[in-house]
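The report below walks through a single protein model, taking its strand pairing as the starting point and turning afterwards to its surface and its loops. Please keep the sequence and the structure in view while reading.

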Amino acid sequence: PCAMQAAETKRPAWHKAILLNTGVVTEQEALKCGIKGTITVPVTVKGVVQGVMEFFSEQEISPNDRLLL
């Protein structure tokens with residue numbers, strides 16, 4: 001879901017509570033690893049999405065454009 005959202009919109013997708021966002025990892029895996037948030041960033045070449053990069057955090061993540069600089 002995160003990767004699809006970022007690819008379709010060509011914009012970063014922020015998710016504060018990964019446990020509410022099914023499809024990334026299972027709730028048990030996230031809890032075991034301490035993952036609480038993600039940001040997914042599309043990788044574009046000449047305006048075409050070629051892939052996405054997803055970053056996981058032990059903290060809930062709020063949208064913050066400064067993180068993308």
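## Pairing of strand 1 and strand 2

His 15 stands opposite Thr 38 in strand 2. This pairing belongs to the contact line between strand 1 and strand 2, which run antiparallel and are joined by 3 bridges. The structure described here is a predicted model, and the statements that follow should be read as descriptions of that model.

## The sheet as a whole

The sheet is open, has 3 strands in the order 1-2-3, and shows antiparallel pairing. Because strand 1 (13-15) and strand 3 (48-57) stand at the edges and each has a single partner strand, one side of each is left without a neighbour in the sheet. Neighbouring strands of this sheet are turned against each other by 15 degrees on average, with direction ignored. As general background, the strands of a sheet pair through backbone hydrogen bonds, and they do so either parallel or antiparallel.

Beyond the sheet, the protein has 2 helices alongside its 3 strands, and the pattern read along the sequence is α-β-α-β-β.

## Pairing of strand 2 and strand 3

Strand 2 (residues 37-45) and strand 3 run antiparallel, and 9 bridges join them. Several pairs can be followed in the model: Gly 37 has Ser 57 as its bridge partner in strand 3, Thr 40 stands opposite Glu 54 in strand 3, and Val 43 has Gly 51 as its bridge partner, again in strand 3.

The hairpin of strand 2 and strand 3 has 2 residues between the strands, and within this hairpin Lys 46 takes a positive phi near 55 degrees.

## Ser 57 and its surroundings

Which residues does Ser 57 touch, not counting those up to four places away in sequence? They are Gly 34, Ile 35, Lys 36 and Gly 37, and the last of these is also the residue whose bridge partner in strand 3 is Ser 57. Ser 57 itself is found in strand 3, and its relative accessibility is 17%, so it counts as buried under the cut-off of 20%.

Cys 33 offers a second point of reference for this part of the model, since the C-alpha atoms of Cys 33 and Ser 57 are 9.8 Å apart in space, while the two residues are 24 apart in sequence. Cys 33 has its place in helix 2 (residues 27-33), and with a relative accessible area of 52% it is exposed, whereas Ser 57 counts as buried.

## A nonpolar surface patch

Val 43, Met 53 and Phe 55 together make a nonpolar surface patch of about 250 Å². Met 53 lies in strand 3 and is partly exposed, with a relative accessible area of 42%. Val 43, another member of the patch, has its bridge partner, Gly 51, in strand 3.

## Loop residues with positive phi

Two lysines deserve a look for their backbone angles. Lys 10, found in the loop between helix 1 (2-9) and strand 1, has a phi near 60 degrees, which is a positive value in a residue other than glycine. Is Lys 10 buried, partly exposed or exposed? Its relative accessible area is 46%, so Lys 10 is partly exposed, the class that lies between the cut-offs of 20% and 50%.

Lys 46 lies in the loop between strand 2 and strand 3, and although it is not a glycine it has a positive phi of about 55 degrees. With a relative accessible area of 83%, Lys 46 is exposed.

## Burial, surface and contacts overall

For the protein as a whole, buried residues make up 25% of the 69 residues. The accessible surface comes to about 5,000 Å², and 54% of it belongs to carbon and sulfur atoms. Among the contacts between residues at least 6 apart in sequence, 43% join residues that are at least 24 apart.

Notes: Residues are numbered from 1 along each chain as its sequence is written. This is a predicted model: local features need pLDDT of at least 70, side-chain atom pairs count only at pLDDT 80 or more; totals for chains, interfaces and linings use all residues. Side-chain values use heavy atoms; hydrogens and water are left out. Two strands pair if DSSP finds at least two bridges between them. Helices (H or I, at least four residues) and strands (E, at least two) are DSSP runs, numbered from the N terminus. Axes are lines fitted to C-alpha atoms, for helices over the stretch in contact, and angles run from 0 to 180 degrees between N-to-C directions. Patches are made of residues with over 30% relative accessible area and no salt bridge: like charges are joined within 9 Å, nonpolar side chains (Val, Leu, Ile, Met, Phe, Trp, Tyr) within 5 Å. Accessible areas come from the Shrake-Rupley method with a 1.4 Å probe; for residues, only the protein chains shown count as cover. A salt bridge is a side-chain nitrogen of Lys or Arg within 4 Å of a carboxyl oxygen of Asp or Glu. Buried means under 20% relative accessible area, exposed over 50%, partly exposed in between (1.4 Å probe, protein chains only). Contact means heavy atoms within 4.5 Å.
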